Amino acid sequence: MASLFIRNSSGLVKRFSMFDLMVLNLANMSAGSALFLGVTPYVGGVAVLWMAALVTFLISLPLGLAYTLMSMQLPRTGGDYVWISRKLSPKLSVPVAVAMTFNMPTYFALTSYFWSSSFEQILLVMFKIDGLGQIPSLGAVATYLVAAIPFMFLVAINVRRPSAVSRLNTYLSIIACFAVAYGTLVLYLKGVSPLSHSFASTFSLVPRLNGQPGFSGTLEAVPLLSAFSFIWVFAGPAVAAEARDRKALKLNVLLSQLLTLALIGVPFYLMKGPVSSSLFYTGLYNFWTLAMYAAGPGAGWILAIGLIAWEILELSMGILVFSRYILAMALDRLLPELLGQINSRGSPVPAHLLDLLLTLSFLSVPLVSSVGVLALYDFLPLSLVYMGLVAIAATKFSGKAVKFAGALSLPLLSYLGWAVIMSPYLGLRGNLLWINLVYLVSLLGLGVSIYLRARVKCKKIGVQLDRIYREVPPS
């Protein structure tokens, strides 16, 4: 049985198939959230969203190829953290990797908030079309609990039954993808335009168009889409050392990107008309709510369950992947050894508990600030810097293909970073500028302080931390 273990000090087991890795990537790219409230409330009807999805996909494609080739050459727990810390100077790469890792719970909080919002919207729409009347609005405490309890439940599963996580993710992904396909088919057969007019009338929505959809508005939607989809290709590679065989590493990222393009692009293509554009700003009108409305009484719950499955799948992925980064850093002596401990069931319990604490803290942000939801998008700029380092690291690998993919990713990621900075939706300009800068600088400061603390601590016991980063770990 010892051969099943990645390395004696970790206790992790090779349990992931290619399908398991694809599911993790699919959750990482968050098509469900992008179709819900991630994009449409902010674009004001001036974006051709299916085209924005295609542009974002093309921007991310070289990065996906680079991740695929690097994970095949160096399949390690922690994925890109191991790559950049070994191929680049640890003095630069490790603090950014720490900042990126502790930045992840911000995204988990955003996903949890969307789960809470989806729960309220599901009840609002389904009660209306089922003739059950109106529901009272959830208060701040109830909203927080609705968002927090599923996350706590998923952490408990990862702690108590880590072997069941892959099966849970598989079931959730099948339900979620089926719901998108079913909703898309219903919208196609019934026609979006008449449904949109009827939806607006039923829920007393007033159409409003801030301008005509065009290319510039389409490009402004790209940063919002990138906050959820296509560029997030690290989930499968982060657990690559737990893949059952090398075949599982070859296509999981690229196939996940293509499937995500279909899941996002086709529904947005159907909703490209002027009526949809004029209703997106309401927040209540989006793919999921319109598809529920189109499915009608009873059958609309299929879409509701699908949306719930998407949100839970995204959270489940995050819990699993975050723990692998923390574990890899603890095994490198960067973080306290306590965070690298695995229980008898093969679960990194301290890492999961740290994730729970951070996510529940960040989850309070939307409840105390009217701009808190957009503030949670602050994870994006730092993530793009991090991915830029990964692209540079790709140029240090052997093989022309991986070098080319890394080099091509750099200008594309640079463009995306510029688009984020200039975005009128993400809060990186205007009143939130200083708050965002403080947040990002604080994360980088945390990364630097953790790196320096680890160097000092290692030196006291006669270990040079930077020498650790000259050696490639066994897993």
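User: Is Arg86 buried or exposed, and what is its relative accessible area?
Analyst: In this model, which is predicted, local features need pLDDT of at least 70 and side-chain atom pairs pLDDT 80 or more, while totals for chains, interfaces and linings use all residues. Numbering runs from 1 along each chain as its sequence is written, and side-chain values use heavy atoms, leaving out hydrogens and water. "Buried" means under 20% relative accessible area, "exposed" over 50%, and "partly exposed" in between (1.4 Å probe, protein chains only). Arg86 therefore counts as buried, with a relative accessible area of 14%.

User: How much of the chain is buried, then?
Analyst: The chain has 475 residues. Of these, the buried share comes to 60%.

User: And what is the chain built from, helices or strands?
Analyst: Helices here are DSSP runs of H or I with at least four residues, strands are runs of E with at least two, and both are numbered from the N terminus. Strands come to zero in this chain. What you get instead is 23 helices.

User: Back to Arg86. Which residue does it form a salt bridge with?
Analyst: Side chains of opposite charge can pair when their charged atoms come close. A salt bridge here takes a side-chain nitrogen of Lys or Arg within 4 Å of a carboxyl oxygen of Asp or Glu. For Arg86, the closest N and O atoms of the pair are 3.0 Å apart, and the partner is Asp332.

User: How far apart in sequence are those two?
Analyst: Arg86 sits in helix α5, while Asp332 is in the loop between α16 (300-331) and α17 (349-362). Asp332 is buried too, at 4% relative accessible area. The pair links distant parts of the chain, with a separation of 246 residues.

User: What does Lys91 pair with?
Analyst: Lys91 is in helix α6, and its partner lies in helix α23 (residues 465-468), so the salt bridge ties together parts 375 residues apart in sequence. N to O, the distance is 2.9 Å. The partner counts as buried, at 13% relative accessibility. Its name is Asp466.

User: How many salt bridges are there, and which residue does Arg324 meet in one?
Analyst: The count comes to three salt bridges. Arg324 lies in helix α16 and its partner in the loop between α11 (235-238) and α12 (247-250), so parts 82 residues apart in sequence are tied together. Both residues of the pair are buried. With 2.9 Å from N to O, the partner of Arg324 is Glu242.

User: At what angle do α5 and α6 pack?
Analyst: Axes are lines fitted to C-alpha atoms over the stretch in contact, with angles from 0 to 180 degrees between N-to-C directions. Under 35 degrees is roughly parallel, over 145 roughly antiparallel, 65 to 115 roughly perpendicular, and the rest oblique. So α5 and α6 are roughly antiparallel. Their axes are 8 Å apart, and the angle is about 160°.

User: Which residues of α6 make that contact?
Analyst: Contact means heavy atoms within 4.5 Å. From α5, the contact uses Tyr81, Ile84 and Ser85. From α6, it uses Pro90, Ser93, Val94 and Ala97.

User: How is α8 oriented relative to α16?
Analyst: Helix α8 (residues 165-190) and α16 have axes that come within 8 Å and cross at roughly 140°. That makes the orientation of α8 to α16 oblique.

User: How far is Met104 from Gly318 in space, C-alpha to C-alpha?
Analyst: Met104 is in helix α6 and is buried, with a relative accessible area of 7%. Leaving aside neighbours within four places in sequence, Met104 is in contact with Phe234, Phe322 and Tyr325. Met104 and Gly318 are 214 residues apart in sequence, yet C-alpha to C-alpha the distance is 7.8 Å.

User: What does Ser33 touch, leaving aside neighbours within four places in sequence?
Analyst: Ser33 belongs to helix α2 (residues 31-38). Ser33 is buried, with a relative accessible area of 0%. Its contacts are Gly38, Phe114, Phe228, Glu311 and Glu314.

User: And which residues is Ser383 in contact with, on that basis?
Analyst: Ser383 is part of helix α20 (residues 379-394). Ser383 is buried at 1% relative accessible area. Outside those four places, Ser383 contacts Met100, Asn103 and Trp232.

User: What share of the chain's contacts with a separation of 6 or more comes from residues 24 or more positions apart?
Analyst: The total here takes in contacts with a separation of 6 or more. Residues 24 or more positions apart account for 86%.
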